[in-house]
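Visitor: I have a structure to look through and could use some help reading it. Can we take it piece by piece?

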Amino acid sequence: MKKEIEEALRPGTGVTLIITAGNSFRQDDGVGPYIASGIRPTSTLKVINAGYTPENIIEEAVSLNPQSIVFIDAADFNSQAGDIRLIPEESIPETTVSTHMIPLNIISRLIADSIKSKIAFIGIQPKSTQFGEDMCPEVKSAADTIVRTIHQGFGRPTL
Amino acid sequence: MSRNVKINVEYLTRVEGHGNIVVNVKENKLEDCRLDIVESPRFFEGMLRGRSIFEAQHITSRICGICSCGHTLASIQAAESAIGFTPSEQTTQLRKLLLHMETLDSHILHIYLLVAPDLLGVKSFVPLINTHNEVVRRALRMKKMCNDLCDILVGRHVHPISCIVGGFTKLPQEKELDAMMDLLQKIQADMEKTVELAATLKFPEFQRETEYVGLVNDSDEYPFLMGDVGSTDGHRVKKEEYRRVTNEFIVPHSSAKHAKWNRSSYMAGALARLNLNYKKLHPKAKALADQLGLKPLVTNTFLNTAAQLVESVHCVEDSIRLLNEFKEKGVDQKEAVSVGLNEKGVIPLKAGIGVGAVEVPRGILFHEYEVDDKGKIINANCIIPTSQNVNNIEHDMKKIVPEILDKTDEQITLLLEMLVRAYDPCISCSAHFLNVKFINR
């Protein structure tokens, strides 16, 4: 794993909030919820699985007053399946906003502007996001690596 | 001075789906003015053929993520009408509550995130995050609370699980009624601030009288779930005769069919409902309508958004009334039904044709099913509010363009975009017609 990603996952001075997004019924898009289910929270490590309605977690995220927030989601950046990257916010497309869809970076801005948290986006390259509940081994392995790294940083043994 | 204007907005933003605005004015003469609907049809009626009426609501709910409860209820109503099943009073009241939650959710998002940016002079709600952070958060907070209410009532934020033909598989317990009331009271507080904000918004001036179509009834209730189909021109038909209302026809530039009744076009949605049923609004909603100058007949299309605000207040207050009734009388848990695909014949079946007509956020929604004696769907027809409105949108555009030719191209474009957005169109849901070219036939 790249150093910049390890740094993003490292504990800060306050609460670190991991927000995952994705749909478990769309194969590798379920990597976010899978990671959320693997993380064991502490007093300084919190996790929210936003699933496919990230706009619904804003108040909960703000109420935790995190010092840093790490969003984790499947992201297609034309790489090998399971590749993990830190995604610059400006490179996340502001897809058309409608009553039916609100992009993740908009949600992050809403939270960040409310509580001035440090924000990072981690993307995991999926192999397939078609209908189905199974993730490919590469993506699952990447997810396990992220969970392990977080737990190591926060002194939590991974189960 | 004569004027040439050529506008091609491809695609229109802050609406659901893909639509293009095309305007061509040559020497002050309007040569072309249309709303192209370029989405593909989705064949839901085809998917329903051969399926059981007991799974139809789960299929049609997927037509729309915002109106999933409305489609569920229209589907159930059509199915129950077809087999001659009459739901209990408790079931009907719970269905009304469910519909209120969805209407409120959709209206709030449209008012705050899609229309307010125009009225506050920004391109989208994104810049409002910096300038009006609390306002945007309030909108999303209200949306979430509506979603949570649906979750409590029907087991999911969207695409209800427990609301089925015959009733509800799970009914709210007392603690769930309390949880819903708590959420509604929080929404009520946020709604007060919403009304304060809305009072400061100024809508563009525009007048075009059209026929306004929606549900009507003979009771004191502002009809969302049940009624005949009526119009402000004084016409009224039973929901079973809905084809006399919609009279769908095809135009070359749209994959959504157009509709008309007694005039060249009609409008469905919040403004139509308000024009038809103003007197039946909750007193608080009616007071707001008066404050905003919404007394029928309101013929400024831009005020559809203001009518949505009025309806939002109505939905909150009427939901609280419904919940108070449930808390007082209690919910009869014995009414919970377990039907599945009706393998055990819990619901008596017979062959028939049934129509569901339900007011969803964007207007009246029709489902019609022809069902055999096993409950299998032989034919289905779904007519979505946006497809009923597209024709009226074009007539509005044709009226407004000559009136605003003194403005710049950018100003004309913005006003046309705002006009279309006022309808809160759900374009993907409206696409219905496929222009198939057969070769060598």
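Guide: What follows is a short talk through some strands, a sheet and a contact between chains.

Guide: Keep in mind that this is a predicted model.

Visitor: Fine. Take strand β1 of chain A, residues 16-21: how many of its residues are buried?

Guide: Six of the six are buried, so β1(A) is largely enclosed by the rest of the structure.

Visitor: Which residues sit on which side of β1(A)?

Guide: Thr16(A), Ile18(A) and Thr20(A) are on one side, and Leu17(A), Ile19(A) and Ala21(A) are on the other. Both faces are covered.

Visitor: Why do they split up like that?

Guide: In a regular strand, side chains alternate between the two faces of the sheet.

Visitor: And what does β1(A) pair with?

Guide: One partner is strand β2 of chain A, residues 45-51, which runs parallel to β1(A) and is joined to it by six bridges. In that pairing, Thr16(A) stands opposite Leu45(A). Between the two strands the chain passes through helix α2 of chain A, residues 31-38, and this β-α-β crossover is right-handed.

Visitor: How many bridges join β1(A) to β3(A)?

Guide: Five, and these two strands also run parallel; β3(A) covers residues 68-74. Thr20(A) has Ile72(A) as its bridge partner in β3(A).

Visitor: Switching to chain B. What is the strand order in its open three-stranded sheet?

Guide: The order is β1-β2-β3, with antiparallel pairing. β1(B), residues 5-9, and β3(B), residues 29-37, stand at the edges with a single partner strand each, so one side of each has no neighbour in the sheet. From one strand to the next, the twist averages 5°.

Visitor: How many bridges pair β2(B) with β3(B)?

Guide: Eight, with β2(B) being residues 19-26. Ile21(B) stands opposite Leu35(B) in β3(B).

Visitor: Which helices pack on that sheet?

Guide: Helix α12 of chain B, residues 385-403, touches β2 and β3 of chain B, and its direction makes about 150° with that of β3(B). Helix α13 of chain B, residues 409-422, touches β1, β2 and β3 of chain B, at about 45° to the direction of β1(B).

Visitor: Last topic. How many residues does each chain put into the contact?

Guide: Chain A gives 16 residues and chain B gives 25. On the chain A side, α3 (58-63) and α4 (104-115) are the elements that give two or more residues. α4(A) gives the most, with five.

Visitor: What kinds of residues make up the chain A side?

Guide: Four are nonpolar, seven polar and five charged.

Definitions and conventions: Residues are numbered from 1 along each chain as its sequence is written. Chains are lettered from A and ligands numbered from 1 in the order in which they are written. This is a predicted model: local features need pLDDT of at least 70, side-chain atom pairs count only at pLDDT 80 or more; totals for chains, interfaces and linings use all residues. A residue is buried if 20 or more other C-beta atoms lie within 10 Å of its own, exposed if 12 or fewer, and partly exposed in between; C-beta atoms are placed from the backbone. Helices (H or I, at least four residues) and strands (E, at least two) are DSSP runs, numbered from the N terminus. Two strands pair if DSSP finds at least two bridges between them. A crossover is right-handed if, with the strands pointing away from the viewer, the path from the first strand over the helix to the second runs clockwise. Axes are lines fitted to C-alpha atoms, for helices over the stretch in contact, and angles run from 0 to 180 degrees between N-to-C directions. Two residues are in contact if their C-beta atoms, placed from the backbone, lie within 7 Å. Ala, Val, Leu, Ile, Met, Phe, Trp, Tyr, Cys and Pro count as nonpolar, Asp, Glu, Lys and Arg as charged, and the others, Gly among them, as polar.
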